[in-house]
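Here's a quick briefing to read with the model open beside you. It starts with one stretch of the chain and works through to the RNA and a few backbone oddities.

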Amino acid sequence: MRAIRIEIEVCVTEQQGRDAEGYDFQAIQDRWLPVWDELKPFEVDTAGAAAQSGERPKKYVLDMFPYPSGDLHMGHAEAFCFGDVLARYWRGQGYDVLHPIGWDSFGLPAENAAIKRGVDPREWTYANIAQQKASFRIYAPSFDWSRVLHTSDPEYYRWNQWLFLKMYEKGLAYRKASWVNWDPVDQTVLANEQVLADGTSERSGAVVVKKKLTQWYFRITDYADRLLDDLDALEGQWPAKVLNMQRNWIGRSRGAEVEFEIEGREQKVPVFTTRPDTLHGATFMVVAPDSDLAAELAEGASEEARAAFRDYLAATQKQTEIERQSADREKTGVFLDHFAVNPVNGERIPVWASDYVLADYGHGAIMAVPAHDQRDLDFALKFELPVRVVVDVRDADGAPLPDPAESGVATAGEGVLVNSGELDGLPKTEAIARAVEVLEERGTGRAATTYRLRDWLISRQRYWGTPIPILHHENGEMRPVDADALPVELPASEGLDLKPKGASPLGAATEWATVVDPETGDTWTRDPDTMDTFVDSSWYYLRFLSSNDATQAFDPAAVNAWGPIDQYAGGVEHAILHLLYSRFITKVLHDLGYLEFDEPFTALLNQGMVLQDGAKMSKSKGNLVEFASELKAHGADALRVTLAFAGPPEDDIDWADVSVQGSAKFLARAWRIADDVQGAGAPRGASFAEGDAGLRRATHRLLADAPGLVEAYKFNVVVARLMEQVNVTRKAIDSGAGVADAAVRESAEAIAVILSLFAPYAAEDMWAKLGYEPSVALVEWPKADESLLVEDEVTMVVQVDGKVRDRLTLPASVSEADAEAAARASAAVQRAIGDRQIVNVIVRVPKIVSIATKPAA
RNA sequence: CCCCCCAUAGCCCAACUGGCAGAGGCAGCCGACUUAAAAUCGGCACAGUCAGGGUUCGAAUCCCUGUGGGGGGACCA
């Protein structure tokens, strides 16, 4: 294995040596990197009046900023390739493009690496950032390097703290005791969004357990409706998949809240249901065993019932999320020795506790309608509770479905209400509306909506994050850190035990944590938790407009002139997490008056993953393709072209399916055209008008089509079109118009300009060979000449009964009548028609004539 | 169980959104160059669009059903 690798490298080296006069990516990279370092072609002024006047069109193009866990990998290569194609494209269309870069540099990997190796998380983090910066420099995305930010810099996270305090002021940040997701490996709490569907942590992979803890939350549920409804406006601009995921995640459910009286209890119990129409079929009530209500009811129950409940609750809490979620579990539960009163018919119904009811959804209690809800039916059959049909549901043939009590299958479908008093005879939808009216009239219920979305748990019991700027008094009082005392800087990690142990390491930094009020002499203690790093990334895009501003989080004027992001690019793994949080914070900042817009990302491109042999690359699987070695072996251009050409950007790329050599070959062919023109071609500034018409048409067709293709993210097609253009230009040089023809120069220039989206080095070198100054990245695209696009002659197809029977060469401007006449005159067409009778002729000039026939009468 | 997306040459992928199934690449084959190979250059071949039904003069494209794959949600009331 080792030997083969060396041999290959030797081959490559020899090849480079031999091609010294030809295309040599290494020499080209070495030539242009220092020039670009000097030129800084992508720095933009966002603060000046001109930049904010809107006189020149702007585009804010952003790639999701990287986490500095080691060097860049192929995933980064792909993501930043696509974002850069778009940034470069808009520059070529005459836009002022802001394309910044930064690092999402707080987070657990740094801390875990620090624990493992006994180094400061800072050192590890900033060393990795330096390495990634160096790799980026060679990979050469068109970043504005003047506005780099790192979220772990105090100058950044001080504004994170500012944001937290703004949220706190508005009541959007609060502390509560609740059952939370606890990661037993990383020893910290997690937000709901960080727990995977299988109940494991998205970070550590550990099975998440539930703990009751007091934690900080952001009140994202206040924004649930807006976060859901505003997705509609992103339709077509965001991938359908992400919109679908966000909608599912927010999970709005409309129905009604019904008040049930419980015998022997003053307060009524509210219950959420999507089917208020089936209230007459509610034959029992179920409450979540871990809810306060269950505990309270058990308290007032018989000794026996109380004991049974205690055992049941203990058993429930021992289960992991995975056990709890496993499909078709046998229903379990205990009778709570209480009865509720059905508000519509006064019926006395038993109250049970069962773990199929969740404490934190709705009100933690349900009305059970076993006839029309499978879960309730399973429970009713297990514990021999009554089942009453209140909706007459029929099958497709109109026959009544079997009685659920007999069949064991609940009937949840459409039907007409029965046994339901005033609702009898109404179809389901109308019955729901009427039921809500009745409840409201009687004051026993109202229309209501619930959400799957939970408030965002933002505190973490770890070191490497933004300290929460809150002080605690021993009397339980809390107060925010004064704005002028920000940032609350992290204490040095030296001397702190960073090992996960369930409590924040900051709590042990006694000197740091203790604050004495100079006026009162009172002692306060700093909140020991740090913020979820998704807080950091929820607003970083605003900071880029003024990343060096020490006086404010962001400059509202600049942000409103340049925001929102016109084009965001990144991985689908953030479909919910980052994108939802960022949308939320943007809406909050909008409501606080800082932002004119309330959606952060106008258009979103999700790139797929880079796989190897059908599997995600990983060291443990041994299928890792190293970005650094690929970059060294093939150069930045060939890598970028390969990634862009592999397929639609949102599809996964299997590295086994693509050919970097193929891309290198294409680049060499493209480059040689400029080389040929430099040697013997038309001079710079030559008039193209006299050039070869056929080649010119191809060039202008490319210029006409490329913008639409780029804007539709069809980068693979643009590269294919460039390959085609290189092929026809080669042909023109070798066996056509010849290298001196002006059309060849025109084509070479167009290739260089469009190629610069994908292969900035090769394109820059071509541009220089064509006699121009750097940088090609700043050149506005030549416009397609419409007059060159029209063909004089076209091939028109004639179909008879759907089959192609002839192809006619006709003037492009042919009239419908002439086209039809020509079609009818064709011998092949006449043969196909034979003695059949023509019933219809459809003419679409200049493409097709379609003749429909029937047998002669 | 519910929702969303996808299926085109051996492989990766195009097809102006209803109008000749093929742009591009990989792999393959033939030829040129070479002592030979690699590289390079020139050329060739390859599928009727997952299956079935429907709408239409005309369907890869629209509709229905199914199969296969990917993703999301899910004891959510």
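In this predicted model, the stretch from residue 453 to 654 is 26% helix and 18% strand. Its end C-alpha atoms sit 35 Å apart. UniProt, in an unreviewed entry, lists 453-654 together with 32-241 under "domain: Aminoacyl-tRNA synthetase class Ia".

**Domains**
- The domain assignment splits chain A into domain 1 (160-248 + 455-533), domain 2 (252-451), domain 3 (657-788) and domain 4 (793-854).
- Between the C-alpha centres of domain 3 and domain 4 there are 38 Å.

**Spots to look at within 453-654**
- Arginine 460 belongs to strand β18 (residues 459-460).
- Is arginine 460 buried or exposed? It counts as buried, because its relative accessibility is 7% and the cut-off for buried is under 20%.
- The side chain of arginine 460 also has a polar contact, at 2.6 Å, with the side chain of glutamine 194.
- Alanine 503 is in the loop that runs between β20 (478-480) and α16 (510-513). With a relative accessible area of 41%, alanine 503 is partly exposed.
- Alanine 503 and aspartate 529 are 26 residues apart along the chain, and their C-alpha atoms are 8.3 Å apart.
- Proline 487 is another residue of the loop between β20 and α16. Leucine 486 and proline 487 are joined by a cis peptide bond, with omega at about 0°.

**A four-stranded sheet**
- What is the strand order in the open sheet? Going across, it reads β6-β5-β7-β17, with antiparallel pairing.
- β6 (188-190) and β17 (456-457) are the edge strands; each has a single partner strand, so one side of each has no neighbour in the sheet.
- β5 (residues 173-183) pairs with β7 through ten bridges, in the antiparallel sense. Across that pairing, tyrosine 174 is opposite tyrosine 217 in β7.
- β5 also pairs with β6, again antiparallel, and here there are three bridges. Aspartate 183 has threonine 188 of β6 as its bridge partner.
- The hairpin of β5 and β6 has four residues between the strands, and glutamine 187 in it takes a positive phi near 55°.
- On the other side of the sheet order, β7 (residues 209-218) and β17 are antiparallel and joined by two bridges. Phenylalanine 218 has tryptophan 456 of β17 as its bridge partner.
- If you're tracing side chains here, keep in mind that in a regular strand they alternate between the two faces of the sheet.

**Where the protein meets RNA strand B**
- There are 49 residues around RNA strand B, and Arg375, Arg452, Arg807, Lys847 and Ser850 come nearest. Of the RNA atoms within 4 Å of the protein, 58% are from sugar and phosphate.
- Three protein residues worth clicking on each have a polar atom close to a sugar or linking oxygen of RNA strand B: a backbone N or O atom of tyrosine 356 at 2.7 Å, a side-chain N or O atom of asparagine 244 at 3.3 Å, and a polar side-chain atom of aspartate 657 at 3.4 Å.
- Elements giving two or more residues to the surface near the RNA include α1 (2-18), α9 (240-250), β9 (269-273), α22 (660-680), β29 (793-800), β31 (837-844) and β32 (848-854).
- Which element supplies the largest share of the surface near RNA strand B? That is α24, with six residues.
- By residue type, this surface has 18 nonpolar, twelve polar and 19 charged residues.

**Backbone oddities elsewhere**
- As background, most residues other than glycine have a negative phi, and most peptide bonds are trans.
- Glutamate 384 has a positive phi, near 55°. This residue is in the loop between α13 (374-383) and β14 (391-393), and it is exposed, with a relative accessible area of 71%.
- Asparagine 419 likewise has a positive phi near 55°, and its place is the loop between β15 (415-417) and α15 (428-442).
- Proline 774 and serine 775 are linked by a cis peptide bond with omega at about 10°. Serine 775 is in the loop between α26 (760-769) and α27 (786-789).

Notes. Residues are numbered from 1 along each chain as its sequence is written. Chains are lettered from A and ligands numbered from 1 in the order in which they are written. This is a predicted model: local features need pLDDT of at least 70, side-chain atom pairs count only at pLDDT 80 or more; totals for chains, interfaces and linings use all residues. Side-chain values use heavy atoms; hydrogens and water are left out. Two strands pair if DSSP finds at least two bridges between them. A residue is near a molecule or strand if one of its heavy atoms lies within 4 Å of it. A polar contact is a pair of N or O atoms within 3.5 Å; within protein, one must be able to donate a hydrogen and the other to accept it, and residues adjacent in sequence count only if both atoms are side-chain atoms. Ala, Val, Leu, Ile, Met, Phe, Trp, Tyr, Cys and Pro count as nonpolar, Asp, Glu, Lys and Arg as charged, and the others, Gly among them, as polar. UniProt positions are given in the numbering used here, feature names are shortened, and annotations may be inferred rather than shown by experiment. Buried means under 20% relative accessible area, exposed over 50%, partly exposed in between (1.4 Å probe, protein chains only). Domain bounds come from an automatic or database domain assignment.
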